[in-house]
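The following exercises are meant to be worked through with the sequence and the model side by side. Each one sets a task and then gives a solution in steps.

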Amino acid sequence: MREMSGTILTIGVCLCLLQPEIAASLSFSWGNLSLFNVNFKTPTILGRSIAMDSNLRVETEVDPNIDEDSHLNTYGLIYKYGYPAENHTVQTDDGYILTLHRIARPGAIPVLLVHGLLDSSATWVMMGPNKALGYLLYDQGYDVWMANVRGNTYSRKHVKYSTHHAKFWDFTFHEMGKHDIPSTIDYVLNYTGVSQIHYIGHSQGTVVFWIMASERPEYMDKIILMQALAPVAYLKHCRSPVVNFLAEWHLSLVLKLIGVHEFLPKNEFITMFNRIVCDETTITKEICSNVIFLTTGFDKLQLNETMLPVIVGHSPAGASTKQMQHFGQLNRSGAFRQFDYGWLRNHWVYGTVQPPTYHLQNVRAKVALYYGQNDWLAPPEDVEMLHSQLPNVVTKYLVDDKEFNHLDFIWGIDAKELLWDRMLENMKTQENSVI
């Protein structure tokens, strides 16, 4: 393993030293696994192509707010823009300590926002006032709460284990749905004194809701309306090259080379590297865009490229290796079920050779599904499959933009007009039906 890791490192260094004309189209395979296949485009400035070895220095005046926002945490972002920011701490019944952020409007109906994979609460506010869903909901009169699941930037503590312990990272999104989200919902209800809340989840934030319903169905009575952005359960038709790569049989070996327990560690080196690659003053923004959106699909028209330094300043926000393996398993099996340990350990853990399937019929809460045609992680075929299994879908909406992709639901330039206004109308409709 040590020799193998050294080989990978050597290959990586050599690739960095390749001449631009040689590195214009790169791919590297390990057995039958393609680790990457990236085509680097020659940058253009004012419509003119620039050779990568050109002496031309491109300088763009950077908005100081962008650099500052890339360094601020979620609380700092909310506070900076004049909104009432609060930090809260939630302890789960299995010992994880989670940070919960709030844009406080006491007495208003609470709405809980749950982020997606490798993301955090910052995703709901990082684009700034008038451009982020968290602020929009507050401005529309809601008490906004933003969750952080175990293992991300804001939830890296445990009553017994540190992030250096393997036991800390022994979780998938199953534990998030069974422990993190129920504990967070209970905290919000107890703190505000209300009996029901709105729930908005993006990507993995929808996965954990389905799991909560399956394993702890009593929580469905605490939800006014669950709105699922880019909903994920089935990954049979997933077109993400990263998830499809994770589904390969050599996965365990490759993931150990990336991180034995934590996938893509959120350390200072990675943060600095991302900021260098995506800095506003460089001519590599388009390359950076392709890397960031390799997992989810890419819609250039909806991406505010100026905000890339802020995006990479907050993501990736952390995940466990086991969590990533679980996504790969869903793709490989085509089923929505618990983690597969292999038939022998499955029998010991579950009492069955195959892992148990989640009970989507337990999702009794009202559900609104929103999906996109250009979504690699939640393609229409898989969303339709999910829809057929859910018992109480009150609305299903395919965004009216053929290029709308997975991240446009939260970062899209036109997300308000294409989607968020509709979501607010649906929230008001369901609130009126409860009264």
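**Exercise 1: The interior**

The largest cavity holds about 50 Å³ of space. Starting from this cavity in the predicted model, list the residues that line the largest cavity, and then describe the setting of Ser203.

*Solution.* A search of the whole structure gives three cavities of 30 Å³ or more. The lining of the largest cavity is made up of Leu117, Ser203, Val232, Leu235, Val243, Phe327 and Leu377. Of these lining residues, Ser203 can be followed further: it sits in the loop between β10 (197–202) and α6, and its phi is positive, near 55°, although the residue is not glycine. Because buried means under 20% relative accessible area, Ser203, with a value of 6%, is classed as buried.

**Exercise 2: Two helices**

Compare the end-to-end span of α6 with the expected value, and determine how many of its residues are buried; then examine where α5 bends.

*Solution.* For helix α6 (residues 204–215), the twelve residues should span 16 Å at 1.5 Å a residue, and the end C-alpha atoms are indeed 16 Å apart, so the two values agree. Eleven of the twelve residues of α6 are buried, and the helix is therefore largely enclosed by the rest of the structure. Among these buried residues are Phe209, Trp210, Ile211 and Met212.

Helix α5 (residues 173–192) has 20 residues and reaches 27 Å from its first C-alpha to its last, which is close to the 28 Å expected. Along its course α5 bends by about 25° at Asp180, with a proline, Pro182, following within four residues. At the start of α5, a side-chain oxygen of Thr172 comes to within 2.9 Å of the backbone nitrogen of His174, while after the helix comes Gly193, whose phi is positive, near 80°. This helix, too, is mostly covered, with 14 of its 20 residues buried.

**Exercise 3: Neighbours in one loop**

Establish whether Ala122 is buried or exposed, and identify which residues Ala122 touches beyond four places in sequence; then do likewise for Thr123.

*Solution.* Ala122 lies in the loop between β7 (110–114) and α4 (133–139). Its relative accessible area is 0%, so Ala122 is buried. Leaving aside residues up to four places away in sequence, Ala122 touches Thr74, Tyr154 and His314. For one of these partners, Tyr154, the separation along the chain is 32 residues, and the C-alpha atoms of Ala122 and Tyr154 are 9.8 Å apart.

Thr123 is in the loop between β7 and α4, and because its relative accessibility is 2%, Thr123 counts as buried. With the same exclusion of residues up to four places away, Thr123 touches His115, Ile410 and Trp411.

**Exercise 4: Backbone geometry**

Locate the cis peptide bond that joins Ser315 to its neighbour, and describe the backbone and burial of Ala230.

*Solution.* The cis peptide bond joins Ser315 and Pro316, with omega about 5°, and Pro316 is placed in the loop between α11 (308–314) and β13 (319–320). Ala230, in the loop between β11 (223–229) and α7 (241–246), has a phi near 50°, a positive value in a residue other than glycine. At 0% relative accessibility, Ala230 counts as buried.

Methods
Residues numbered from 1 in each chain as written. Predicted model: local features only at pLDDT ≥ 70, side-chain atom pairs only at ≥ 80, totals over all residues. Heavy atoms only, no water. Helix = DSSP H or I, 4+ residues; strand = E, 2+ residues; numbered from the N terminus. Buried < 20%, exposed > 50% of the residue type's maximum accessible area, 1.4 Å probe, protein only. Contact = heavy atoms within 4.5 Å. Expected span 1.5 Å × (residues − 1). Bend = angle between axes of the 7 residues up to and from the residue. Polar contact = N/O pair within 3.5 Å; in protein donor to acceptor, adjacent residues only side chain to side chain. 1 Å grid on protein atoms, 1.4 Å probe; cavity = no way out; pocket = protein on both sides within 12 Å on 5 of 7 lines; lining within 4 Å. Points joined across faces, edges and corners; volume = space filled by probe spheres on them.
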